Amino acid sequence: MKGHDILSLFILLLVCVLAFASRLFSVLRHGNVIQEYDPYFNYRATEYLVQNGHHAFLNWFDTQSWYPLGRPVGVTVYPGLMYTAWGIHSLFQVFNLGVEVKTICVFLAPWFAANTAL
């Protein structure tokens, strides 16, 4: 590798680390807490997906959001975040690692930030 390639790789790695650290700051400051409405809804939806499965998730009518009408979740969300968290949780279950869905949802934001920097 040339010096220019090594410098580029170092800068890219530094950007990834800084992106991860900037999103991790609230976790370090406040702990493993979901603080906003949208991330909390994503956590609830992921929890529902893990407990009830894919088919039930697509047909889930959530009465706790969009009060008083409720919300047909399966047709009104972009489920990429929920399925990513579900996949990571399933992978941890295969290796018998007891990681909670909430912890996965909290740490997805820093992980996505580092990957976005790539």
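**Notebook: pocket, salt bridge, odd backbone spots**

I started with the largest pocket: α1 (3-30), α2 and α6 (101-117) each put at least two residues into its lining. For me a pocket is an open set of points on a 1 Å grid over the protein atoms alone, with protein on both sides within 12 Å along at least five of seven lines; a 1.4 Å probe fits there, and lining residues have an atom within 4 Å of a point. Helices (H or I, at least four residues) and strands (E, at least two) are DSSP runs, numbered from the N terminus.

Note to self: this is a predicted model, so local features need pLDDT of at least 70 and side-chain atom pairs pLDDT 80 or more, while totals for chains, interfaces and linings use all residues. Residues are numbered from 1 along each chain as its sequence is written, and side-chain values use heavy atoms, with hydrogens and water left out.

**Pocket, continued**

I got a volume of about 420 Å³ for the largest pocket, counted as the space filled by probe spheres set on grid points joined across faces, edges and corners. Which residues sit closest to its centre? Out of 18 lining residues, they are Arg 23, Pro 39, Cys 105, Val 106 and Ala 109. Helix α6 gives the largest share of that lining, with 6 residues. I sorted the lining of the largest pocket by type and got 12 nonpolar, 4 polar and 2 charged residues. (Nonpolar covers Ala, Val, Leu, Ile, Met, Phe, Trp, Tyr, Cys and Pro; charged covers Asp, Glu, Lys and Arg; the others, Gly among them, are polar.)

**Salt bridge**

How many salt bridges does the whole structure hold? My search turned up 1 (a Lys or Arg side-chain nitrogen within 4 Å of an Asp or Glu carboxyl oxygen). Arg 44 and Asp 62 make a salt bridge through their side chains, at 2.5 Å from N to O. The two partners are 18 residues apart and link distant parts of the chain, with Arg 44 in helix α2 (residues 37-52) and Asp 62 in strand β1 (residues 61-62).

Buried or exposed, I wondered about Asp 62. Asp 62 is buried at 3% relative accessible area, and Arg 44 also counts as buried at 17%. My cut-offs are under 20% for buried, over 50% for exposed and in between for partly exposed (1.4 Å probe, protein chains only).

**Helices α1 and α5**

I looked up Ile 6 in helix α1, and it is partly exposed at 47%. From Ile 6 to Phe 61 I get 52 Å, C-alpha to C-alpha, across 55 residues of sequence. Leu 14 is in helix α1 as well, and counts as partly exposed at 40%.

Over in helix α5 (residues 80-94) I checked Trp 86. Trp 86 is partly exposed at 32%. Its C-alpha is 7.1 Å from that of Leu 49, although the two are 37 residues apart along the chain.

**Odd backbone spots**

A reminder first: most residues other than glycine have a negative phi, and most peptide bonds are trans. Where is Pro 68? I find Pro 68 in the loop between β1 and β2 (71-72), and the peptide bond from Tyr 67 to Pro 68 is cis, with omega near 0°. Trp 66 is in the loop between β1 and β2 too, with a positive phi near 55° and partial exposure at 49%.

The loop between α5 and α6 holds Asn 96. Asn 96 has a positive phi of about 60°, though it is not a glycine, and is exposed at 69%.
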